[in-house]
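Here are my notes on the model you sent, set out as numbered points. Please read them alongside the sequence and the coordinates.

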Amino acid sequence: MRYSRLFNQTLRTSPAQSEAASHQYLTQAGYLRPLASGIFAYLPLAQRTLRNIASIIREEMEAIGGQEVSLPIVHPAEIWQQTGRWYTITAEMGRFKDRNGHDMVLAMTHEEAVAAIVHDVIQSYRQLPALIYQIQLKWRDDPRPRAGLIRAREFTMLDSYSLDRDEEGLEVQYQAHYNTYHRIFERCELPVIAIQSDSGMMGGVQAHEFMYLNPIGEDTIMLCSSCSYAANRQVATFQKDHNSSEDLKEVEKIVTPEKKTIADLVEFLQISPKRTAKAVFLMAEMHGTEKLVLALVRGDMELNEAKLAHAIQASGLRPATEEDILLSGAVPGYASPIGIKNTLVVVDDQIPHLRNLTVGANQSGYHLKNVNFGRDYQTDIIADIVSAEEGFLCPQCGHPLSSQRGVEVGNIFKLGTFYSEQMECQYLDENGASKPIVMGSYGIGLGRLMACIAEEHHDENGLCWPLQVAPYNIHMLSIKDKDGAVQPTAEDLYEQLLAAGISVLYDDRDISAGVKFNDADLLGMPYRITISARALSNGGIEIKSRSNETSHILPREQVLPYLQKIASRH
RNA sequence: CGGGGUGUGGCUCAGCCCGGUGUAGAGCGCACGGUUCGGGUCCGUGAGGUCGGCGGUUCAAAUCCGCCCACCCCGACCA
């Protein structure tokens, strides 16, 4: 491609409205233009990069037996109603009516659509296992898009769906994806770690996320430096301490005027927050109705809403208002499970092992000392509902955990039979018995992946693409000379490279050398070749790798074979 | 949804506080001419703007007031 024909415009200054390096450079170098919040146009350089990422993905998916399909991005509401997600997912789903007034959905993901097709295609165990995948657009009306492609509302995603007879089959395909995803990210030269994760709105039983560790990320990952433990903070567990050797003491009502927070209370009573329990009130969306939930956790712990939602099978949580709380008979600031009604009480699994805690008396200005689970109150639901924090002890080895931020570039889920049951995807086994297909679903965000690669591979001058994803392998530029030997040489070499099938961007513009060099650095092709009078008089043509400061001169006739060797690594 | 910030040509911004310089400015980019030719050369000419929108105040609004919209950042939220 001749630069003079390239559809793009680099910017001298990076746009002010971006913080992430990837966003800045992708915009400044003319890969990307915003159209609306979280909605982007991909210009030719970005499109080529994405295409390269996509071909890596296709190769690797085909290698584990994947077959590519293309599912619609507009769905009839019926299939989403069938799985219930029409009702459980709210503002994030794009909906509209067609001309006949039918409710339609913009695909956020494709489990429903896949299941609808699988329902028609798969009849027999002879057709299983199967693996289908697509690289397709998604729409999620995210409440807060940010950092350019890191979190967009419209985005392209690889999503694959495994279909198996049973759990064993699913395990095989899950493992295959686990390994393949590592290979895909490796080929893109993006370092990632696989961590345990929440299955969120997808439902399902087991899940891993592939995280690119970087402060720009919005997920918090708990890591153990002495063993392999790594988990999303939403699900990370840790070793909890107990004091169950203490004797039970008598409950004692104490006066605590205006001590509505744990901080005030422990200051007033001069006790450790570990000797208190706090009650957090939330309204939970459960099976279409709202219910008040009291979550009881140790005073120094933080409630983890993802864990809580999981424990009570809630589809959504919101903070309870004062009015909500008063209806239960509890007193905000002085609340506890003792004596409240019409409330779902969830107790953190540490609490039953803690004795003689101080909790609210459900009476303004009073707390209760020496309260004990079992003796003084009961509940049906005991679960791990607190967040792991930096310094808490690793659940596997007891070493203190650390935390880091990360970007989720991929994930794999064992869906099990949820969707196949909802959508009636069944097959007949050898005995003629009808059984639900066991499904898995797996995804990689392509735009996000491209942004993460840019984030990982850039310097103060611009992007530095890895060879396999770079829009062009070679950035060739000529520097105009007096006697005019440069231009014909450059044209000639360019034609030769094209004929050899090497992907090359040739800066043929009639502008100063500095501009060409700066643009070459900004655009970030892995190799730069310079044709100039100086290089020619030094015996040939200059070659420099983008990530390396030094260049070297190669005789004219050796250039093509040299570049062919580089390109063959593509 | 809560908090903060910003909207002036393709990009970065000045002007606004304290209304009036008469066709609204600069740099970059773009077009044309010249100049230079290994790290965004220099000079000249030129095109390009409903000053986010609507309403109000005023003899007069980019500037003051009100409402709305968009975008960015933090939080809530989120495969």
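**Notes on the protein–RNA contacts**

1. A backbone N or O atom of Ala535 lies 3.4 Å from a base oxygen of RNA strand B, a polar contact here being a pair of N or O atoms within 3.5 Å. A base nitrogen of RNA strand B is likewise 3.5 Å from a polar backbone atom of Phe517, while a polar side-chain atom of Arg144 is found 3.0 Å from a phosphate oxygen of the strand.

2. This is a predicted model, in which local features need pLDDT of at least 70 and side-chain atom pairs count only at pLDDT 80 or more, whereas totals for chains, interfaces and linings use all residues. Residues are numbered from 1 along each chain as its sequence is written, chains are lettered from A in the order in which they are written, and side-chain values use heavy atoms, with hydrogens and water left out.

3. RNA strand B is surrounded by 43 residues, the closest being Arg12, Arg140, Phe155, Asp521 and Ser532, where a residue is near if one of its heavy atoms lies within 4 Å. Of the atoms of RNA strand B that come within 4 Å of the protein, 53% belong to sugar and phosphate.

4. Helix H13 (513–523) is among the elements that each supply at least two residues of this surface, as are helix H14 (533–537) and strand S8 (154–164); helices (H or I, at least four residues) and strands (E, at least two) are DSSP runs, numbered from the N terminus. The most is given by H13, with 7 residues.

Notes: A polar contact is a pair of N or O atoms within 3.5 Å; within protein, one must be able to donate a hydrogen and the other to accept it, and residues adjacent in sequence count only if both atoms are side-chain atoms.
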